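Colleague: I have a structure open and would like to learn how to read it step by step. Could you walk me through some features?

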Amino acid sequence: MSRLVWLLALVAHPGQAYYALPEWRESKYHQPGDLNIGAIFALTELEPHSYCGNITTSYNAISMIEPLVHAINSVNEQGQLLYNLKLGFVVTDSCSKETVALVNAMRFIPQIGYQSKSPSTNKTGKLEVRRDEEEHVGPGDLTVIKDFPVIGVIGTDNAKTSEAISSLLNTFNIPIINFAGCFDVLGTEEFPSFMHLASTFSAQSLAMVRFLVFRGWKYFSVVYEQGMYAEDAFNVIQKSVRAYGLCISNTAMISESSNILRLVKHLTFSPQAPKVVLVFVSSTYTLKIMDAVRKTKTEGWNLWIGTSYWIRYMWSGELVEGSMAVANDFADVPGVKDALMKLTKDNPNPWFLPMLRQKFSCKTDDACIMSALGAYEHGFAHYAGVIHDSVQVLVKATNAFLFSQCHEQQRVTPTWAHDCIEINRGHFLEYIKNVSFEGYSGKVVFDKNGVVHKDLYLYQVIHDRKTSTYTPLKIAEIADRITMLRDISDPHRYMKVIDDVQDMCMPRCDRQEYHLKKLACCWNCKECQSNAYVNENLTACVSCPKFFWPRVQNFNNTSPCIRILTDVLLWHRPVAAFLITLSFIGLAMVLFILVVYWVNAESSVIKSASLEISTIQLVAMFCGYLSVPFLVSFPSELGCFIGVVMILVSLTSMYMTMLLKAVRVYRIFLRRKGNIKVSYTSSKSQVLTFLTFASIEIVVFIIIEMKFPIRVLDFMPEKNVPYVETACLIHEELVAPYFVLDISLLFLCSVLAFKTHSLPSTYKESRNVSMCVITTLIMWVAFLPAHFSTTSHNLKVVLLALSVLMNHSTAIFFLFMPRLLSLKNASTMGFLRRFSADD
């Protein structure tokens, strides 16, 4: 590291535009012009014990230098500079090291006693491109560093080296056009000569955060290296954590002593490790991280997202497939790819052949060179748009400045043009900031701090296995709003783990799921009940009010719940229509039987059945059948009241008269058995008994109904089912006593029917009553559990109506049909006897 303290060994030669350094070895690419542009790129990798390394870094030797050469040649061929001035350039290598970049920046500083020289020309009058050799003076270990006056400097592509050279060149008002991401501090009034053509790292970091929030990936890790670059980015991340409710799982600051392999294992395999990792490191650490990912065989386990630094590695396949980077648009420039394909081994670019030898194993074979250039033409040209725009900024500013400030003499010579700019450097910066044009990389308009604000894009590296090439694809545009440009779950995309949100510690929950936290920044998705919605903070479920249901999609300024449409049992519904049809058939049957009974009142068949009791039974059944239309019609309190009263009275009347008949049969049985007289067996006494009991029943019903009134209400049988019905509220307290009474009456009937089973077989009344009672009891056993267990009031009404129909139809079948058949048989026999007597 002692050699790095080169400032202490710096030797200045008075009166000469030279610097001398001990043991300095360097290369440069110089194409002289009337006015020159300087460029500082990272072309070789950092070596700790020398000024520059021997290994070319990435593909910058072509992807940055050749677009610059093409842009300057285009300016000269099109005569874009005023006064027939020609533009030249000098490209130097920063060696990915701040100190080396600073040394090369010093050659762009104007020197005392400097005399500008015109460029050499060949016989055709065109500019001659040549490589300058270094001169050695003084002691043998001193290398002369020659100066190159320039109108501006393009570069560097590294934030740290940009910071180093800007501190120096800003002192001399030498403009620096940066086309890669840089520190925010360089875009302030403190550095007026620094111009941003690319978004700052803070802007890129904010774009990363916005995309993560957009995708719902709010749980992530951060890897950064010590220095202003990472500090700017990390400050944005920390502020975003509070603003967007984000959570950082791990933060790791790496340095030369860091164990990168162990860090990658920790980020991948530790419990609750997030899938997303934001990376803010320089080129050297980027390659080390990717190498560690491959060694651990965890490609596709994490989603690595970096800044614009990573774009250069996406074309070369040095990033693991699926990695993402945030950067500005990289547009193609017409003619650049064609110019690249024409390059040969005679290319004066001193880094051209070394890069091809190391990356493609090409030596001096033009066929190999052409093959390499063709396979990687997109990667070589991806900086073309922004570098052309950088050159155009200086060209347009120079033209405006020369026309406005340097036209005092009739003919502007190269010497006069250069000296005019050199003397008025402060004013020249203002002309640069006033430049405005539509460039290849977007609209170029500087703000007061020399920053061009552009939209950012998210790129993802994809490996095309058919062509064995790597391509960064635009995934999303990050402007005022985020727009997805392609489906991130594309089938050919390598990364699949990130799509499985259940594997993430902070998954994106569905609409009906809230965050059940396991840790402060980690949760599972817990589903809410179907009648609840998730609150704004996604931390709990909020139940909708009764009769309301969560909206399928919430809109601004709208309630999250909507009223459920009610269901009503109407006559035209299939079930209601079926029940009403049965009830009308029953009513017709009852009227028919009643007419037959009264027409044949003097018949012994009818007299033995007690016409009065039978009439009461038929009237009760008529009320029961008639109650069905009241129950299944549009619910009203009066209709419900009438229907319930009819049902309860009809059922109790039926079972009470059946009991009276059973008692009558039982007393006849006793009289036959013991030859004793039994009182109160007449029809009048039975009718009186029934009327007394019925009166008591109605009074009790009215008393209970006053305490538990029948109402028409909306009901939601199950809170987790979006179903609301409008029906009659019939309290169990109102009907339960009558159900108990009816069961009791039926039970007594069954007991008496059993005791009278030994009556003569010709007396079938007892048997018919027994069959009716047993069948009715079976129906009640089936009906009662279903009625009291169901939660739907409409279903209860349907079951009650069906039960009434079945009960009364059973009574008709067992109690009245045998009588009708007997009556028919008796009429037939009487007719036959009369017919025989006539004969």
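Colleague: Let me start with one residue: which residues does Asn794 touch, not counting residues up to four places away in sequence?

Modeller: Happy to help, and please keep in mind that this is a predicted model. Asn794 touches Asp567, Leu569, Tyr723, Glu725, Thr726 and Ala727, once residues up to four places away in sequence are set aside. Asn794 itself sits in helix α24, which covers residues 793–838. With one of those partners, Glu725, there is a side-chain polar contact of 3.1 Å.

Colleague: Is Asn794 buried or exposed?

Modeller: A residue counts as buried when its relative accessible area is under 20%. Asn794 has 9%, so it is buried.

Colleague: How do I read the strands around there? Which strands pair with β28, and in which sense?

Modeller: The general idea first: strands of a sheet pair through backbone hydrogen bonds, either parallel or antiparallel. Here β28 (residues 724–729) shows both senses: with β26 (residues 566–568) it pairs parallel over three bridges, and with β27 (residues 711–715) it pairs antiparallel over five bridges. To find your place on screen, look for Val568 opposite Thr726, and for Phe715 with its bridge partner Glu725. Strand β28 is also mostly covered, with six of its six residues buried.

Colleague: Now a whole sheet. What is the strand order in the open sheet of six strands?

Modeller: Reading across, the order is β3-β5-β4-β7-β8-β9, and the pairing is mixed. Strands β3 (28–31) and β9 (194–196) are at the edges; each has a single partner strand, so one side of each lacks a neighbour in the sheet. Ignoring direction, neighbouring strands of this sheet are turned by 20° against each other on average.

Colleague: How many bridges join β7 to β8?

Modeller: Two bridges join them, and the strands, residues 152–155 and residues 176–178, run parallel. One pair to look for is Val153 with Ile176 in β8.

Colleague: Which strands does helix α4 lie across?

Modeller: Helix α4 (residues 159–169) lies across β4 (35–41), β7, β8 and β9, and runs at about 160° to β8.

Colleague: Next, the interior. Which residues have the most contacts inside the largest nonpolar core?

Modeller: A nonpolar core is built from buried residues such as Val, Leu and Phe, joined through side-chain atoms. The largest one here has 96 residues, and those with the most contacts inside it are Phe41, Leu87, Val91, Ile289, Trp304 and Val391. Helix α14 (residues 384–405) gives the most to this core, with ten residues. Apart from it lies another core of 68 residues, including Leu587, Val628, Leu659 and Leu745. If you click on Val91, its contacts beyond four places in sequence include Tyr29, Phe41, Ile65 and Trp351.

Colleague: And Pro737: where does it lie, and what does it touch?

Modeller: Pro737 lies in helix α22 (residues 732–755). With a relative accessible area of 38%, Pro737 is partly exposed. Leaving out residues up to four places away in sequence, Pro737 touches Ile704 and Glu732. Its C-alpha atom is 9.4 Å from that of Phe701, which is 36 residues away along the chain.

Colleague: To finish, how many helices and strands are there in the protein?

Modeller: The protein has 24 helices and 28 strands. Of its 839 residues, 52% count as buried. Among contacts between residues at least 6 apart in sequence, 70% join residues at least 24 apart. The accessible surface comes to about 38,800 Å², and 58% of that belongs to carbon and sulfur atoms.

Technical notes. Residues are numbered from 1 along each chain as its sequence is written. This is a predicted model: local features need pLDDT of at least 70, side-chain atom pairs count only at pLDDT 80 or more; totals for chains, interfaces and linings use all residues. Side-chain values use heavy atoms; hydrogens and water are left out. Two strands pair if DSSP finds at least two bridges between them. Helices (H or I, at least four residues) and strands (E, at least two) are DSSP runs, numbered from the N terminus. Axes are lines fitted to C-alpha atoms, for helices over the stretch in contact, and angles run from 0 to 180 degrees between N-to-C directions. Contact means heavy atoms within 4.5 Å. Buried means under 20% relative accessible area, exposed over 50%, partly exposed in between (1.4 Å probe, protein chains only). A polar contact is a pair of N or O atoms within 3.5 Å; within protein, one must be able to donate a hydrogen and the other to accept it, and residues adjacent in sequence count only if both atoms are side-chain atoms. A nonpolar core is a set of buried Ala, Val, Leu, Ile, Met, Phe, Trp, Tyr and Cys residues joined through side-chain atoms within 4.5 Å. Accessible areas come from the Shrake-Rupley method with a 1.4 Å probe; for residues, only the protein chains shown count as cover.
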